[in-house]
Amino acid sequence: MLALCDLRVSYGAIEVVHGISLDVAAGECVALIGANGAGKSSTLKAICGLVPVGSGSVQFEGRDITNASGHAIVRAGITMCPEGRQVFPQMSVIQNLRMGAYTRTDKDQDADLVRMMDMFPILRERQTQAAGKLSGGEQEMLAIARALMARPRICLFDEPSLGLAPKIVASVFETLAQIKAMGMTILLVEQNSMMALNLADRAYLFEAGKIVMQGPAKELKSHPDVMRAYLGH
Ligand code: ATP
């Protein structure tokens, strides 16, 4: 479904992603793991058109979308649930959800709104409240639901566990497992390598802007180098 080929990303003169290639098949959950600053978020942002691709390509369902504009990429079926949630703080929960469906022209948006509130009952309870007043965990649920409101073909999650208490992190990952079970294709960037590898089918390990290991999540989880450096064993 998604294929990156020899992708390079720079901020000004500094290159931070040094020619990575990876792919995600339809229905797969793929995790990008690795230390802070390894280039995982920059890779997601380059896929979404939020930072420019220096060289290399992004192919999505057989189309070259390299350096397409962000809104065209959303319309093509790629949605990002961003790091730090980035809900619209002054807008209500419902308005945030409707913003997720902004590019849709079909008539099923109200039905999807109900589905999202069935899936996340807390959003129904808080539907008229300003999103900025929600707790971090509630905002993460809202950001996930807002992403799903776009009815994406693939959903990219950037650090969904960031800054959340362990109990809330567990419930975020339960939600991601539920979304995966619904058949959604997922590309996940996550610092919590154990959680990510438990959820994912396959994973790529990033180090200093390069992919240094890849394979089935189960294999990475039991690899001695990964266990030592990222899983605390
Ligand atoms: P993190 O978990 O911290 O987000 P990451 O693996 O996702 O880590 P990136 O956020 O992609 O890493 O960062 C890769 C490198 O790019 C880092 O050295 C970071 O400091 C740098 N970087 C990220 N965003 C910018 C920016 N807007 N301007 C300049 N440098 C940036």
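Contact here means heavy atoms within 4.5 Å. With that in hand, here is a walk through this predicted model.

**Two domains**

The domain assignment divides the chain into domain 1 (1-77 + 152-168 + 175-233) and domain 2 (90-150). Taken over C-alpha atoms, the centres of the two domains are 24 Å apart. Where they meet, 14 residues of domain 1 are in contact with 11 residues of domain 2.

**T79 and its partners**

A good place to begin is T79, which sits in strand 6. Setting aside neighbours within four places in sequence, T79 is in contact with A147, A150, P152, I154, C155 and L156. Is T79 buried or exposed? Its relative accessible area is 8%, and because buried means under 20%, T79 counts as buried.

**The pockets**

T79 also leads us to the largest pocket: together with V74, M80, F88 and R146, T79 lies nearest the centre of that pocket, among 23 lining residues. Several elements each supply at least two residues of this lining, namely helix 1 (40-48), helix 2 (70-76), strand 6 (78-81), helix 3 (93-100) and helix 6. Helix 2 gives the most, with five residues. Where does the largest pocket lie with respect to the domains? Domain 1 and domain 2 both give residues to its lining, so the pocket lies between them.

The second largest pocket has a volume of about 160 Å³. Its lining is made of 13 residues, and those closest to its centre are N36, G37, A38, K40 and S41. Helix 1 provides the largest share of this lining, with three residues.

Here are the two pockets side by side, for anyone thinking about their volume and lining chemistry.

| Pocket | Volume | Lining by class |
|---|---|---|
| Largest pocket | about 660 Å³ | 12 nonpolar, six polar and five charged residues |
| Second largest pocket | about 160 Å³ | four nonpolar, six polar and three charged residues |

**The nonpolar cores**

In soluble globular proteins, nonpolar side chains tend to be buried together. In this model, the largest nonpolar core has 48 residues, and the members that touch the most others are I144, F157, L176, I179 and V226. Helix 6 gives the most to this core, with seven residues. Both domain 1 and domain 2 give residues to this core, so it lies between them.

Which residues does I179 touch, not counting those up to four places away in sequence? They are M119, I144, L148, F157, M184 and I186. There is also a second, separate core of 30 residues, which includes V17, I47, V189 and Y204.

**M141 in helix 6**

Let us finish in helix 6, which spans residues 136-148 and holds M141. This methionine has a relative accessible area of 9%; because that is under 20%, M141 is buried. Beyond its neighbours within four places in sequence, M141 is in contact with F120, L123, S171, V172 and T175. For a sense of scale, take M141 and E15, which are 126 residues apart along the chain. Their C-alpha atoms are separated by 33 Å.

Helix 6 thus appears in two settings: it supplies at least two residues to the lining of the largest pocket, and it gives seven residues to the largest nonpolar core.

Terms used: Residues are numbered from 1 along each chain as its sequence is written. This is a predicted model: local features need pLDDT of at least 70, side-chain atom pairs count only at pLDDT 80 or more; totals for chains, interfaces and linings use all residues. Side-chain values use heavy atoms; hydrogens and water are left out. Helices (H or I, at least four residues) and strands (E, at least two) are DSSP runs, numbered from the N terminus. Buried means under 20% relative accessible area, exposed over 50%, partly exposed in between (1.4 Å probe, protein chains only). On a 1 Å grid over the protein atoms alone, a cavity is a set of points where a 1.4 Å probe fits but cannot get out, and a pocket is an open set with protein on both sides within 12 Å along at least five of seven lines; lining residues have an atom within 4 Å of a point. Grid points are joined across faces, edges and corners, and a volume is the space filled by probe spheres set on the points. Ala, Val, Leu, Ile, Met, Phe, Trp, Tyr, Cys and Pro count as nonpolar, Asp, Glu, Lys and Arg as charged, and the others, Gly among them, as polar. Domain bounds come from an automatic or database domain assignment. A nonpolar core is a set of buried Ala, Val, Leu, Ile, Met, Phe, Trp, Tyr and Cys residues joined through side-chain atoms within 4.5 Å.
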